[in-house]
Protein chains: 2
Amino acid sequence: MIKVVIITSMESLQQRLERKGLRVSIQRLKILQYLDQHRVHPTVDDIYGALKKEMPSISKTTIYNTLDVLHKAGLVSCLTISPKEVRFDAEPKAHPHFFCLKCNRVLDLEEVICPHIKSHVDGNIVEEVHLYFKGICKKCKGGE
Amino acid sequence: MIKVVIITSMESLQQRLERKGLRVSIQRLKILQYLDQHRVHPTVDDIYGALKKEMPSISKTTIYNTLDVLHKAGLVSCLTISPKEVRFDAEPKAHPHFFCLKCNRVLDLEEVICPHIKSHVDGNIVEEVHLYFKGICKKCKGGE
DNA sequence: TTTCGTGCAAAGCATTTGCAAGTAG
DNA sequence: CTACTTGCAAATGCTTTGCACGAAA
């Protein structure tokens, strides 16, 4: 079997938590790991459904709590794109997304402009930059 | 520098509806008018609360239905920025916003880049462009 | 008469909160 | 011991749905 492993940072997941002064729990590690290995901007429910298989006792509240902690620590980014639910991304660096109105997927786009846009908001303190498009993705455009 | 530019069309509200082939009802006119005159990206509840004063029988369902119709017709734009609720804008042209994490207001930023960004999403069909920032606004930055 | 618009009541569902039990420091 | 973490159950609140009545074409 071929397993695709995405190596983003040289830092271990545990080190990422410790560096931010966060306690390392199995739940936090698993959630961070899941996000790191599933770069499809999963929802809370996606994460919950997947982790429940190996950790049947995990609760949705913990997913919410943990994602909140990770987001505040700057370890994950939080996407308010699909109107129904929040989605998460292990890549905390700002980059553009594409939301398909047909299949509801959130795709990553090549990072091009995000870092350069900030200059237009002087006067306000910018903590996050969000750029995304809505429309029909390549895949859905093809087949009906 | 932040410049707020309100582009109000010469077209009457009724004409806007008719041009899109929509029936003209008092509810649709009032909702469109409210958005046109209150450029603060109100939520459904804001609109409901305001219109209920002069139209006590109006229902939230109608606000939802109408905004959906107006959005699909391209008469208003729909902002998925604040994670809790959707906000609406009578200006359907894409322009950047700033969401203040402290006072929860959504501010308009000067339109600068939005029209030029589209080139980066080749392959996907773009229907909407969304660019916004999150942080602390000028006003909140000042006084605690 | 047939289709569309309105609005009430109820349902749906993502997210939050309160709290009790467990765990790390 | 004290502060943090987990997770269950219940509550919250935005949004949608089903449906009946009324209005427009």
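Of the atoms of DNA strand D within 4 Å of the protein, what percentage belong to sugar or phosphate? The share is 77%, and the rest belong to bases. The structure is a predicted model. This briefing covers the DNA surface, the cysteines and one residue of chain A.

**The surface around DNA strand D**

- DNA strand D is surrounded by 18 residues.
- The closest of them are Ser25(A), Arg28(A), Ser59(A), Tyr64(B) and Val86(B).
- Sorted by class, the surface near the strand has nine polar, six charged and three nonpolar residues.
- Three helices each supply at least two residues of this surface: H2 (26–37) and H4 (60–72) of chain A, and H4 (60–72) of chain B.
- H4(A) gives the largest share, with four residues.

**Polar contacts to the strand**

- Tyr64(B), one of the closest residues, has a side-chain N or O atom 2.7 Å from a phosphate oxygen of DNA strand D.
- Thr62(A) also reaches a phosphate oxygen of the strand, with a polar side-chain atom at 2.9 Å.
- Lys84(B) makes its contact through the backbone: a polar backbone atom lies 3.5 Å from a sugar or linking oxygen of DNA strand D.

**Cysteines and disulfides**

- A disulfide is a covalent bond between the sulfur atoms of two cysteines.
- How many disulfides does a search of the whole structure find? The count is zero over all chains.
- Two cysteines of chain B show the reasoning, which needs one cut-off: the two sulfur atoms must lie within 2.5 Å.
- For Cys137(B), the closest cysteine sulfur is in Cys100(B), at 3.7 Å, so the pair is too far apart for a bond.
- For Cys140(B), the closest cysteine sulfur is in Cys103(B), also at 3.7 Å, and this too is too far for a bond.
- Are these two residues buried or exposed? Cys137(B) is buried, with a relative accessible area of 0%. Cys140(B) is buried as well, at 14%.

**Glu127(A), a residue touching chain B**

- Glu127(A) sits in strand S5 of chain A, which covers residues 125–136.
- Which residues does Glu127(A) touch, leaving out those up to four places away in sequence? The contacts are Leu101(B), Lys134(B), Gly135(B) and Ile136(B).
- Within chain A, Glu127(A) and Val76(A) are 51 residues apart in sequence. In space, their C-alpha atoms are 14 Å apart.

Methods
Residues are numbered from 1 along each chain as its sequence is written. Chains are lettered from A and ligands numbered from 1 in the order in which they are written. This is a predicted model: local features need pLDDT of at least 70, side-chain atom pairs count only at pLDDT 80 or more; totals for chains, interfaces and linings use all residues. Side-chain values use heavy atoms; hydrogens and water are left out. Buried means under 20% relative accessible area, exposed over 50%, partly exposed in between (1.4 Å probe, protein chains only). Contact means heavy atoms within 4.5 Å. A residue is near a molecule or strand if one of its heavy atoms lies within 4 Å of it. A polar contact is a pair of N or O atoms within 3.5 Å; within protein, one must be able to donate a hydrogen and the other to accept it, and residues adjacent in sequence count only if both atoms are side-chain atoms. Ala, Val, Leu, Ile, Met, Phe, Trp, Tyr, Cys and Pro count as nonpolar, Asp, Glu, Lys and Arg as charged, and the others, Gly among them, as polar.
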